[in-house]
Amino acid sequence: MGNRKFKIYRGDNTKGELVDYNCDVTEGMVVLDVMHRIQADDANDLACRWNCKAGKCGSCSVEINGRPKLACMTRMNEYGDDETITITPLKAFPIIKDTVTDVSWNYKQNLKIKPFSPAQNKNNTEKGLVMQQVDVERTQHFRKCIECYLCQNVCHVIRDQEAKEKFVGPRFMIRLASLEMHPMDDADRIPAIKEDHGSGMCNITRCCTEVCPEDIQITDDGIIPLKERVVDRYYDPFMILFRKIFKK
Amino acid sequence: MLDISEIRQIEFDVLVIGAGGAGLCSAIAAAKESEKVGLICKSLLGKAHTVMAEGGMAAALGNVDNRDHWKIHFRDTMRGGKMLNVWRMAELHARHAADRVRELEQWGAVFDRTKEGLINQRNFGGHRYPRLAHVGDRTGLEMIRTLQDYGIHKGIDIHMECTALDILKDESGKIAGVVCMYRDTGEFIIFKTKSLILATGGGGKAWEITSNSWEYTGDGYAMAYEAGAELMDLEFNQFHPTGMVWPPSVRGILVTEGVRGEGGILKNSEGKRFMFDYIPEKFKNETADTEEEAARWLAGDKDARRPPELLTRDVVARAINAEVKAGRGSKHGGAYLDIATRRSAEDIKKKLPSMYHQFKVLAELDITKEPMEVGPTCHYFMGGIRVEADTTMSTVEGLFACGECAAGMHGANRLGGNSLSDLLVFGNLAGTGASNYAKQLGAVPKFNKEDAKKIIRNATSILNREEGENPYLLHEDLQKNMQNNVGIIRTDTELQKGIQNIENLKEKNKNVKANGSSQFNPGWHEALAMRNLLITAEAVARAAHMREESRGAHTRDDFTTESEEWYQYNIITKKGEDGNMQVIKEKRKEPNAELFRIANAKLEDLEAEVAAERKP
């Protein structure tokens with residue numbers, strides 16, 4: 001595959017530029033390998049996050065030629081032989097240095113979510129929870145999330161700094177969905193999903209679903225059902241009447 | 001002049017270093033008992049190495065085969081560890097694992113289910129019954145996310161992307177704190193604490209072919225060693241038999257044992273299913289000797305014996321190594337792991353989704369159609385910081401250790417699935433042990449300011465010197481040395497050469513230089529890790545040189561069998577008064593008679609015994 005050209009963002013939140021690098025690329029290499037090679041040979045202080053190098057930890061999220069991706073799962077042969085590859089940090093979060101961004105906002109969103117509250121009923125037994133496989137599959141699908149925050153990065157609401165405090169973003173909508181659809185969870189998060197977590201802010205453009213490296217159906221399986229639950233609770237005229245009559 | 005009073009300080013009752021499974025469990029347990037609990041991690045929260053664990057966590061829940069019992073789990077663990085495990089640790093683990101797994105479910109983990117709706121369990125190497133609670137092949141992710149989402153609500157003060165540099169003690173030798181550095185800013189901070197739990201994982205990054213991430217640089221071993229703690233049995237390094245071998249850039253990445261648990265078989269270039277030729281004498285009675293019997297076992301016949309692919313990891317790794325050496329390796333120098341002809345494509349995608357994805361993307365190979373190529377990869381340290389079983393306290397007062405960085409639980413070889421349950425059980429014990437210790441202590445011990453200054457000066461000198469060695473290239477040299485001289489098969493001459501090379505690298509490392517500023521500078525971080533890697537590598541190589549036998553994961557070409565003499569000894573490494581590493585052959589304690597009996601009982605007798613116990 002030979003010697004290839006790269007442009008990598010070097011700098012911080014206040015100033016920075018794309019710097020040119022060259023790297024010998026061999027069969028099977030991924031973009032993260034290239035970043036490591038450049039780091040070892042030419043730029044010891046090039047900042048990048050990574051851990052597992054197998055698409056399981058969600059640390060190495062960057063934008064490659066403008067597309068949000070995991071650097072460890074992006075193979076060099078996806079690109080043309082003479083194509084220059086540009087690596088930049090995620091756009092939705094402040095840059096700490098080079099390709100590393102400050103994602104602490106996400107951790108703050110998670111703290112707002114009411115954690116799992118196991119129901120104390122006949123299915124909570126000495127041998128553990130009794131739940132059928134078909135009933136946990138939806139929740140398991142959401143729990144595949146590796147918290148790479150690529151979905152947060154492309155979410156229009158989060159990219160708009162003004163709206164950022166009103167919406168937890170797709171990652172945490174599916175965390176909420178995983179809890180709401182857990183067969184043995186008995187907490188009620190619907191009022192919080194509407195008010196605190198901002199389910200109404202999502203306008204279903206499905207950008208989050210498109211970039212998910214785990215192929216989680218964030219919008220269709222997670223966000224839309226939660227929106228429906230909110231609608232059922234607050235806007236269904238029959239339910240409003242029902243609640244008025246029975247004072248529920 | 002450096003003024004320590006200008007460095008920020010925070011005070012804790014219990015501080016945990018490391019936020020993988022063990023660290024999170026111990027912080028959660030400590031937060032139940034202690035008011036001020038801190039947790040620091042090198043990466044972002046939720047990214048630690050536990051996330052990579054695939055197959056599952058072993059516990060005798062008995063949900064799939066109700067004959068299972070802690071005693072049988074204990075026996076399997078001891079036999080897998082070639083009887084070198086600390087007896088009490090293996091007992092505690094087998095007794096408590098089931099409760100801890102059920103507790104994890106109450107905290108939000110969503111395991112795969114049995115038909116009855118309970119936690120499902122799968123087969124794994126060395127385990128008599130289907131024993132591993134799992135979620136497809138991403139059990140580690142489930143575990144770490146559950147602990148993270150539960151733990152953040154327990155009032156634990158979490159500091160992310162914060163590297164621990166070295167431990168501080170008071171004049172009497174008690175733990176007093178630790179000096180750390182925030183990776184993003186390079187700012188130093190001193191955490192003062194009554195007790196300190198190390199949950200820092202292993203040091204697999206010292207090898208070239210490894211399943212470990214950058215974090216695995218033996219920080220816990222090195223910090224404990226520098227603080228005067230004893231390390232034990234570091235010569236036992238597990239090479240997982242199935243790492244990816246092709247393409248080169250992914251060499252070493254783990255292929256879960258779950259592939260074999262689900263029926264995958266190993267073949268050589270001649271198409272021969274070679275594991276039947278490598279069944280050790282000790283396991284002959286419990287292992288299938290024909291393909292027909294192995295097939296019956298897979299189909300669920302409880303009278304059939306287990307296929308040889310599910311022998312312990314040390315055995316399978318050596319077998320693959322031997323096949324390759326004999327010229328019967330796969331195209332790129334491994335063995336073929338075939339699940340495609342054993343299971344339907346749909347089953348494979350359901351049971352092993354991340355393996356399917358990993359090979360599809362990284363190797364452009366469809367595992368539902370073609371066999372994988374696999375070979376041994378450095379995976380896990382059985383040895384580590386020597387601890388007291390029930391409290392997990394090391395030989396330094398107030399210093400605790402749990403998870404991979406602690407020694408003893410797994411003996412000479414760890415069974416797959418026993419690691420995640422180890423994290424749960426000993427994480428929990430460490431949290432309690434460290435809290436109890438902190439409670440009986442009055443105030444936080446006073447650290448020595450000169451020590452703190454020295455630690456900070458050592459760190460900054462790497463940035464400040466005019467020129468010096470490139471840390472990345474030093475690391476590559478160390479990895480090559482460990483791979484070639486302290487690898488799977490070891491000999492006296494190679495080990496001596498390996499030790500000499502480490503000595504040379506230590507000299508070079510005194511002059512290591514990182515360019516750039518202190519702000520998120522991976523070159524500096526790499527240089528700081530080099531000291532830890534070198535201490536770890538030296539302890540491994542020296543212990544491996546001393547142990548003149550082959551046992552479990554430690555294989556000597558010049559001492560090819562287990563020795564009765566060596567069975568009675570652990571190898572302790574610690575820092576001598578002259579500053580050099582001391583390697584000591586130390587006699588093991590006599591085992592508890594009852595535990596000895598269980599571990600050495602005939603399987604049929606033990607099965608009858610636990611069946612009788614169960615009857616009302």
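**Talking through the salt bridges and the surface**

Tutor: This is a predicted model, and over all chains the count comes to 81 salt bridges.

Student: What makes Glu476(B) and Arg37(A) a salt bridge?

Tutor: Their closest N and O atoms are 3.4 Å apart, and the cut-off is 4 Å, so the pair counts.

Student: Why is this pair said to join two chains?

Tutor: Glu476(B) lies in helix H13 of chain B and Arg37(A) in helix H1 of chain A, so the bridge runs from one chain to the other.

Student: Why is Glu476(B) called partly exposed?

Tutor: Its relative accessible area is 24%. Buried means under 20% and exposed means over 50%, so a value in between is called partly exposed. Arg37(A), at 31%, counts as partly exposed too.

Student: And why does Ile245(A) count as exposed?

Tutor: Ile245(A) has 57% relative accessibility, and exposed means over 50%, so the label fits. Ile245(A) lies in helix H10 of chain A and helps make a nonpolar surface patch of about 550 Å², along with Phe238(A), Leu241(A), Phe242(A) and Phe246(A).

Student: How do you know that Glu586(B) and Arg386(B) form a salt bridge?

Tutor: The N to O distance is 2.6 Å; that is within 4 Å, so they qualify.

Student: What makes this pair a tie between parts of the chain that are apart in sequence?

Tutor: Glu586(B) is in strand E20, while Arg386(B) is in the loop between strand E15 and strand E16, so the bridge ties together parts 200 residues apart in sequence.

How values were computed:
Residues numbered from 1 in each chain as written. Chains lettered and ligands numbered in written order. Predicted model: local features only at pLDDT ≥ 70, side-chain atom pairs only at ≥ 80, totals over all residues. Heavy atoms only, no water. Patch = residues over 30% accessible without salt bridge, like charges linked within 9 Å, V, L, I, M, F, W, Y side chains within 5 Å. Areas by Shrake-Rupley, 256 points an atom, 1.4 Å probe, with all protein chains shown as cover. Salt bridge = Lys/Arg side-chain N within 4 Å of Asp/Glu carboxyl O. Helix = DSSP H or I, 4+ residues; strand = E, 2+ residues; numbered from the N terminus. Buried < 20%, exposed > 50% of the residue type's maximum accessible area, 1.4 Å probe, protein only.
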